[in-house]
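Work through the following exercises with the sequence and the model at hand. Each task is followed by a solution in steps.

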Amino acid sequence: MQKIGQSPVRVLKEIDGFALNRLQYAVIGEAWRLVQEGIVSPGDLDLVMSNGLGLRYAFLGPLETMHLNAEGMLSYCDRYGEGMTRILRTFGPVPAFSGATAEQVHQAMCAKVPDDPKHLAARRQWRDECLRRLVQLKHEVPPE
């Protein structure tokens, strides 16, 4: 897998879904709730990820980010653990990915990228080129 640019990981325990998908679904679930509850618009939510959290996670995972955002992991947990726990308790149940919120998100996404085959294909091509260039950059800037 490494020969084709993949980064295999060892799953230590059987669980429903791939590790990547589980992390992605956790982010999507909270993103959906933030839109559903009127806290942020779909467009602004995407900006939070693409211009904020996503940039950070392009080179570092969430655990190393925690470690670096304080004087190590234990310092981070001591400093932010209570606040994280308080916020995590407000996440609520798994949202329904349908109804008014689905329509609101659909309209916002179509305003940015119409959902016809031509526009979707062009945006996918742009995305794939961006990802290719990011992978290239990651190879040029190896971790220390």
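## Exercise 1: Two tyrosines in one helix

At 34% relative accessibility, Y80 counts as partly exposed, where buried means under 20% relative accessible area, exposed over 50%, and partly exposed in between (1.4 Å probe, protein chains only). The model is predicted: local features need pLDDT of at least 70, side-chain atom pairs count only at pLDDT 80 or more, and totals for chains, interfaces and linings use all residues. Residues are numbered from 1 along each chain as its sequence is written, and side-chain values use heavy atoms, with hydrogens and water left out.

Task: describe the aromatic pair formed by Y76 and Y80.

Solution.
- Step 1. Recall that a pair of aromatic rings is described by the distance of the centres and the angle of the planes.
- Step 2. Apply the cut-offs: rings of Phe, Tyr and Trp (its six-membered ring) pair if their centres lie within 6.5 Å, and planes under 30 degrees apart count as stacked, over 60 as edge-to-face and the rest as tilted.
- Step 3. The centres of Y76 and Y80 are 4.6 Å apart and the planes make 50 degrees, a tilted pair.
- Step 4. Y76 and Y80 are four residues apart in helix α4, so about one helical turn separates them. Helices (H or I, at least four residues) and strands (E, at least two) are DSSP runs, numbered from the N terminus.
- Step 5. Y76 is buried, with a relative accessible area of 13%, whereas Y80 is partly exposed.

## Exercise 2: The other aromatic pair

Task: a search of the whole structure finds two aromatic pairs; classify the pair of W32 and F97 and state which parts of the chain it ties together.

Solution.
- Step 1. The ring centres of W32 and F97 lie 5.0 Å apart with the planes at 65 degrees, so this pair is edge-to-face.
- Step 2. W32 belongs to helix α1 (residues 19–36) and F97 to the loop between α4 (73–88) and α5 (99–112), so the pair ties together parts that are 65 residues apart in sequence.
- Step 3. W32 is buried, at a relative accessible area of 13%; F97 is partly exposed, at 45%.

## Exercise 3: The largest nonpolar core

Task: which residues make up the largest nonpolar core, and which helix gives the most to it?

Solution.
- Step 1. A nonpolar core is a set of buried Ala, Val, Leu, Ile, Met, Phe, Trp, Tyr and Cys residues joined through side-chain atoms within 4.5 Å.
- Step 2. The largest core has six residues: A31, W32, V35, V40, L45 and V105.
- Step 3. Helix α1 gives the most to this core, with three residues.
- Step 4. Contact means heavy atoms within 4.5 Å. Leaving aside neighbours within four places in sequence, V40 is in contact with L34, V35 and L45.

## Exercise 4: Charges over rings

Task: where do R123 and K138 sit relative to aromatic rings?

Solution.
- Step 1. A charge sits over a ring if NZ of Lys or CZ of Arg is within 6 Å of the ring centre and within 35 degrees of the ring normal.
- Step 2. R123 lies over the face of W126, 3.9 Å from the ring centre.
- Step 3. The charged end of K138 is placed over the ring of F59, 5.3 Å from its centre.

## Exercise 5: N69, T65 and L55

Task: is each of N69, T65 and L55 buried, partly exposed or exposed?

Solution.
- Step 1. N69 is in the loop between α3 (62–68) and α4, and at 38% relative accessibility N69 is partly exposed. Beyond neighbours within four places in sequence, N69 contacts R56, Y76, R79 and Y80.
- Step 2. T65 is in helix α3 and is buried, with a relative accessible area of 6%. With the same neighbours left aside, T65 contacts R56, Y57 and L60.
- Step 3. L55 lies in helix α2 (residues 42–57) and is exposed at 55% relative accessibility.

## Exercise 6: The whole chain

Task: how many helices and strands does the protein have, and where are its domains?

Solution.
- Step 1. The protein has six helices and zero strands.
- Step 2. Domain 1 covers 14–100 and domain 2 covers 113–143; such bounds come from an automatic or database domain assignment.
- Step 3. The centres of domain 1 and domain 2, taken over C-alpha atoms, are 22 Å apart.
- Step 4. Buried residues make up 15% of the 144 residues.
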